[in-house]
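Biologist: Could you pick one part of this model and go through it slowly with me? I'm new to this, so please take it strand by strand and then show me what else is going on in the structure.

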Amino acid sequence: MTAIIQTQALRVEYRSRELRQPVKLALRGLDLEVCAGEIFGFLGPNGAGKTTTMNVLLGYVQPTSGMASLFGIDVRQPIARQRIGYLPELTYYYKFLTAEELLRFYAKIFGIPREEADRRIAALMKLVELEHAAKRPIKSYSKGMQQRVGLAQALINNPDLLILDEPTSGLDPLGRMKVREIIQRLKNEGKTVFFSSHELGEVETVCDRVAIVHEGELKKVGTVAEVSAGHDNLEKAFLQVVGFKSSSQP
Amino acid sequence: MNKIFALAGVVIKELYRRKDFYVLFVLSALLTCVASMVNFFHDDKIVRIVKDVCLLLIWISTLVIAIATTARQIPAEREARTIFPLLAKPVSRTEVILGKFLGCWLATGVAVLVFYVFFAFINGSREHAWPVAIYFQAAWMQWSMLAIVIGMVLLGSIYFAAPSSTVTIIFVVVAGILGLGSHLNTIALSQSEPMQSVISVVYFCIPHLEWYDLRDFVVYSQSLAPWVAVLQATLYAAVWTGIFLFLAWLGFRRKSLTT
């Protein structure tokens, strides 16, 4: 199978601006491969290196050493992001624009012709159920509506790879259901989805494969069944991998 | 190029959806209107001074718009974290810098145009003279000068921590250049070494924004500046703008956005 996301010996160090502060190692030689058409869950406790990995893949952070690529193109080249959609954990959009203007702006960035952009914007507004508010500034939207705009912008280029950072955090049950539906729909269309989440039950339901990172290292990777082998469920396996010991246990 | 225009479009939309421009325009328009309408003792000399003051007001207003608008562009993108979904698209940091520059420059160009049309209309209706070419030269030179200033502000906004520091520092630098720039070489001659050499170096190393001030041509001589000089000044502005944008790109291309 073709690797869509690939990292080899990926290492990221954060140097402190203050004197005598030690260098923080966010990633310690991460090797990861996500194949075409799979839904891949990227798990780890806070500070494990999930966000840093995503930041490298999206070009926000330069790796100290090692390699990362999307569709075989080095992530440092903007063209590597031509076929991806990204949904951040929180909504960060130009609030003075309307949802329609925001989507049109991103469509221009992707070089989508105007007529095709019009068609996609209408379809996406319908998908996220924001047709009635398409011409209102985003600043007048509720949090849930802003997150739905986020989903629409992530899909504007009909991406082959969708990167989702905690896609359901802060969403109400209906919003979660919608995101799950969309992930399932993308899988049926043969797209690849790479997402980080703390919702292990959800990961268990939708993912083909999962990886658990801890302290900047890849601890375990495989299908949900492989990773949870020998445990009751994925959560138990996860807790064991990250070395969690319950204080109530002797 | 489409990406740069798309980014510029967002900058322009932001400007006309904020109130800064309208407040400045209404204030400047009111002052220009009142000053131009008053005929001080039927004295031509005083009327010209008033026109000079009106043009100075236009200069200050467009400088405020240019500096204040540009200074917040990249820091606001980082603070509001809108830079993240943007850079997750196939956009390079070079395109971000160029798009921001183009947006700010076009937006201030619109402001310059609006102010000059208004000034020309007020003067034309009183004096029944329409020296369009002179106005065009003055507006063009002012817009060229603003390109240098916008490049300088973008550079500052990459390195200085807060937009307010960038605004303050650039205002001081621009005011210093406009006030002292043309006198530095004569000041240098009156100094002993090594000050003479230091001031001479400074004279040749700063962008001479004062060269773009054609108020005397509009108000007093009412004649055209040589077109060759205008062309040379435009090229000079393009070179300085290029230098500032290059330095801004150098700082921005590897800047960590997550800390």
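**A close look at the strands of chain A**

Modeller: Let's start with strand S1 (residues 3–14) of chain A, which is joined to S2(A) by nine bridges, with the two running antiparallel. For a spot to find on screen, look for A:Arg11, which sits opposite A:Arg28 in S2(A). Keep in mind that this is a predicted model.

These two strands belong to an open sheet of four, in the order S2-S1-S4-S5 (chain A), and the pairing is antiparallel. At its edges are strand S2 (24–35) and strand S5 (73–74) of chain A, each of which pairs on one side only. As background, strands in a sheet pair through backbone hydrogen bonds, and they can do that either parallel or antiparallel.

For the parallel kind, go to strand S8 (residues 192–196) of chain A. Five bridges link S8(A) to strand S7 (residues 161–165) of chain A, and these two run parallel. S8(A) also pairs in the parallel sense with strand S3 (residues 39–43) of chain A, over four bridges. Now zoom in on A:Phe195: A:Leu164 is a bridge partner of this residue, and A:Gly41 stands opposite A:Phe195 too. Between S7(A) and S8(A) you can trace helix H5 (residues 173–188) of chain A, and the three together make a right-handed β-α-β unit.

How well covered is S8(A)? Mostly: five of its five residues are buried. That holds for both faces, with A:Thr192, A:Phe194 and A:Ser196 on one side and A:Val193 and A:Phe195 on the other. Since A:Phe195 is buried, at least 20 other C-beta atoms lie within 10 Å of its own.

Now step back to see where chain A meets chain B. There, 24 residues of chain A are in contact with 22 residues of chain B. Helix H2 (residues 99–109) of chain A gives the most to chain A's side, with four residues. Sorted by class, that side has 16 nonpolar, six polar and two charged residues.

Last stop, the largest nonpolar core. It has 141 residues, and B:Val149 and B:Ile150 touch the most other members. Helix H6 (residues 132–159) of chain B gives the most to this core, with 15 residues. If you set aside neighbours within four places in sequence, B:Val149 is in contact with B:Leu63, B:Ala66, B:Ile67 and B:Val174. In soluble globular proteins, nonpolar side chains do tend to be buried together.

Notes
Residues are numbered from 1 along each chain as its sequence is written. Chains are lettered from A and ligands numbered from 1 in the order in which they are written. This is a predicted model: local features need pLDDT of at least 70, side-chain atom pairs count only at pLDDT 80 or more; totals for chains, interfaces and linings use all residues. Two residues are in contact if their C-beta atoms, placed from the backbone, lie within 7 Å. Ala, Val, Leu, Ile, Met, Phe, Trp, Tyr, Cys and Pro count as nonpolar, Asp, Glu, Lys and Arg as charged, and the others, Gly among them, as polar. A residue is buried if 20 or more other C-beta atoms lie within 10 Å of its own, exposed if 12 or fewer, and partly exposed in between; C-beta atoms are placed from the backbone. Two strands pair if DSSP finds at least two bridges between them. A crossover is right-handed if, with the strands pointing away from the viewer, the path from the first strand over the helix to the second runs clockwise. A nonpolar core is a set of buried Ala, Val, Leu, Ile, Met, Phe, Trp, Tyr and Cys residues joined through C-beta atoms within 7 Å.
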